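Dear colleague,

I am passing on the structure we spoke about, and below it you will find my notes. Please read them with the coordinates open beside you.

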Amino acid sequence: MKKNTVIFYGLILAFIIVAPFIFPDFRTQLAALWLMIIVAMTWDMTGGQMGYNSLGNIVFYGTGMYVAAVVTIALAYDVGAYTNAFGGGVYKFTDQQYFLGMLLGILGAGVFCSIIAVVIGFVTFGLRGPYFAIGTLGVAIAAGELVSNWEWVGGGQGIALPVYPGDLDTGKVLFYFLFAVTGVVLFIFLKWLYSTRFGAAINAIRDDEEKAEAMGIHTLRYKLTTWAMSAFFVGVVGGISAFQLIHFEPLETAYQTINLGIFMVVCVLLGGKGTLWGPIIGAILFHVFKEVTWNYFLGWQWVALGALIVVTVVYFQDGVMGYLAHRKPEWFGVRLDDKKAEVSQ
Amino acid sequence: MSTIIEIQGVSKSYGGVVANEDISLTVEKGGITGLIGPNGSGKTTLFNSVVGYHPIDAGSIKFEDEEISTFPVQKIARRGLLRTFQQTRIYGAMNGVENMLISLPHRKMKFLDAFNRNSESDYEKADRLLEFVGLYEKRFLRAGSLSFGQQKLLEFAMALMNEPAALLLDEPTAGINPTLINGLIDRLIRANQEFGITLFIIEHNMRVIMNMADKIYCLSHGQMLAQGAPDDIQNDPRVIDAYLGAH
C-alpha cells in the first residue's frame, strides 16, 4: 500500500474509534448510521456489482433479529412460554446468558440468513431485471406477514429481549462498536472480494449475463454465493439491532419493507452503485438528510424524503461516485491515453 | 480425423415456422467446417440448438460422443464448446484486459479458485492474445468505445482465452471492413492450426469461407441443400439457385 493510502485509512479508523467518545450524545445516531452503511454496502453486492436489484434484502434484517432473539431466549427458557402474551411470567437473564446469547444469536442470525438467501435465491434468481425486484419485494412482504401470524415468536406483538445488563451508556458504546466492527470487516471483505476473479465474474453477470453463461461461468452458483454473503452481514446487523432495540415487532421494525428496505436502495443510488465507496457516501448523505428533516421539518419529513428519492432515481441515478467517474475518469484508473479513439467512436 | 460435433435429424420450429427440418451434419475434429445459406435459412437457429439456447423438437446433438441436446448453455460451454455472436457481445463498460480476464476458462477452475486474484500468467496470456488479434495498443480502452470490427476481434480473443475445443463463429466477418477481413481470415486459420481449435463457421462472404473451410454445408429454407468440399459447393447449381433466388 502507498503511504497516502495508509494515512487515509488510518485517519478514518482513528475517527471510527474516537467518534463515540467525542460525540457522546450521538452514540445511538452513529450506530444507526453504521446500520445504514452496512445494509447499503450489502445491497450493492447484488444490486450494484451483480446487477440484481433486490427489494427484499430486508428479509435478512428481520430474520436476523428473530433468529438472534430466539437463540438467546431458547438458551435459557422455553420460547413459546416466553412469548406467550397471557403467560405473565417474569424472566430474568444472567450476564452469562445475555452475552452468550448475544454472541451465538448474532452469529446464528448471519448463518441462518445465508441459508435462506440460498433457498430464496434458488427460486428468485430465475427472474431478471424488474421482475427480480418485484419477486423479492413479494418475498419480503410475505415474510413479514408470516412472522406476524406466528404465535410461537410472539406474533404481531413481537419479542422483547432483556435490557443490556450493565450501565446504559456502556451499552450504547458496545452497540456502536458491534456495528462499527461489522462495518469495517465488511469493508475489508468487499475490498478484497471485488479484487478477485469472483468480483470480475459477478460484474460479468451484471454487464451481460447471457454472454457470461455462453462463456461457461457458473452464473447461478455465483449469484447464490454473493447473495448468501450479503445476507450473512445483513443477518448479523439484524441480530445486533435486536439487542440494541430491546423490543421489536414484525411489520414496522423487523420486516420494515418501506423504510429500511427502500432506504438501503436509495443510499446506494445516491452514492453511486457498483463502487466500493458509493454506498458508504450515499448512506452518510442519506442519513444526515433524513435526520435533519426529521428534526427541522417535522410533519414534512416524509415529503422531503420522498422528494429526495424521486430526484435521485430520476435525475441522479449514477450517484456521487458515478458523477465523479464521469467527470474525472482518470481518478478511477480509466485510461484515456488514446483520446482520439474514444472521441471518434 | 474423428468427429467432434455430430448432429442427427435435428428439427426446430417456432410456432408454425419450421426453422430447421431434419438436419444432419458432422464437424470433424481439428478442421474448419462452413455453414452457408441465404438469410433466414436457419443457420443461426442451428447454432443456437447446438449450444443449448433452446430445446430442439427432434433429433440428437453429440459433442465428443456425449449427448448435449438437453444441456443448458453454461454446461455445454464448460464442455469446451463455445460460440460467438452475430451481434458482438462483449462487456462494454470494462476495458480490453478485463474482458479477457473474465473469459478465463471457468471449467478448468475449482470453485475456490474464484477467490484468487488473476495471476501474472493470466495477464500475460491476455496480453498475448490481444496482441494476436491486434488490439494490444487498445487494451486499456473501454471495450464499448471500440469500433464494431474491433469488438468482434475482442470477442474472438475472449473465445480463445477460454481455450475451447470447438468454436462456433456466427458471421465473424460481417460488418468488418475489407482490409481487416484478410487479417481475420489469417487469424482464424492460425487459431485452428496453432491452437488446435475446431472451427464451425457461419459465413455469408463466399470468398472467406471458400478459402478456409475443408467442408461446407448449405442450408436453404431450413433444410440441408448441399454438402461437400468448397469447390463442389461453389459449382453446385442448387446452391447458386438458392442464393440468386431462382426456382
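In what follows, two residues are in contact if their C-beta atoms, placed from the backbone, lie within 7 Å. Please also keep in mind that this is a predicted model.

I begin with chain A, for which the domain assignment gives domain 1 (29-257) and domain 2 (271-345). The C-alpha centres of these two domains of chain A lie 25 Å apart, and 13 residues of domain 1 of chain A are in contact with twelve residues of domain 2 of chain A. On the side of domain 1 of chain A that touches domain 2 of chain A, the elements giving two or more residues are α2 (27-47) and α7 (168-193) of chain A, and of the elements there α2(A) gives the most, with eight residues. By class, the residues on that side of domain 1 of chain A are seven nonpolar, four polar and two charged.

Chain B has nine helices and ten strands, and its C-alpha trace spans about 55 × 40 × 35 Å along the principal axes. A compact globule of 247 residues would have a radius of gyration near 18 Å, and because chain B has 18 Å, the two agree. Buried residues make up 43% of the 247 residues in chain B, while 68% of the contacts in chain B with a separation of 6 or more are between residues 24 or more positions apart.

Chain B, too, is divided into domains: domain 1 (1-80 + 165-183 + 196-247) is assigned from three segments, and domain 2 is 89-163. The C-alpha centres of domain 1 of chain B and domain 2 of chain B lie 26 Å apart, and nine residues of domain 1 of chain B are in contact with eight residues of domain 2 of chain B. The side of domain 1 of chain B that touches domain 2 of chain B has four nonpolar, four polar and one charged residues.

That leaves the contact between the chains, which takes 30 residues from chain B and 23 residues from chain A. On the side of chain B that touches chain A, α2 (73-78) and α3 (96-102) of chain B are the elements that give two or more residues, and α2(B) gives the most, with four residues. The residues on this side of chain B divide into 13 nonpolar, nine polar and eight charged.

With best regards

Technical notes: Residues numbered from 1 in each chain as written. Chains lettered and ligands numbered in written order. Predicted model: local features only at pLDDT ≥ 70, side-chain atom pairs only at ≥ 80, totals over all residues. Rg over C-alpha atoms; globule rule 2.2 N^0.38 Å. Buried ≥ 20, exposed ≤ 12 C-beta atoms within 10 Å, placed from the backbone. Domains from an automatic or database assignment. Nonpolar A, V, L, I, M, F, W, Y, C, P; charged D, E, K, R; others polar.
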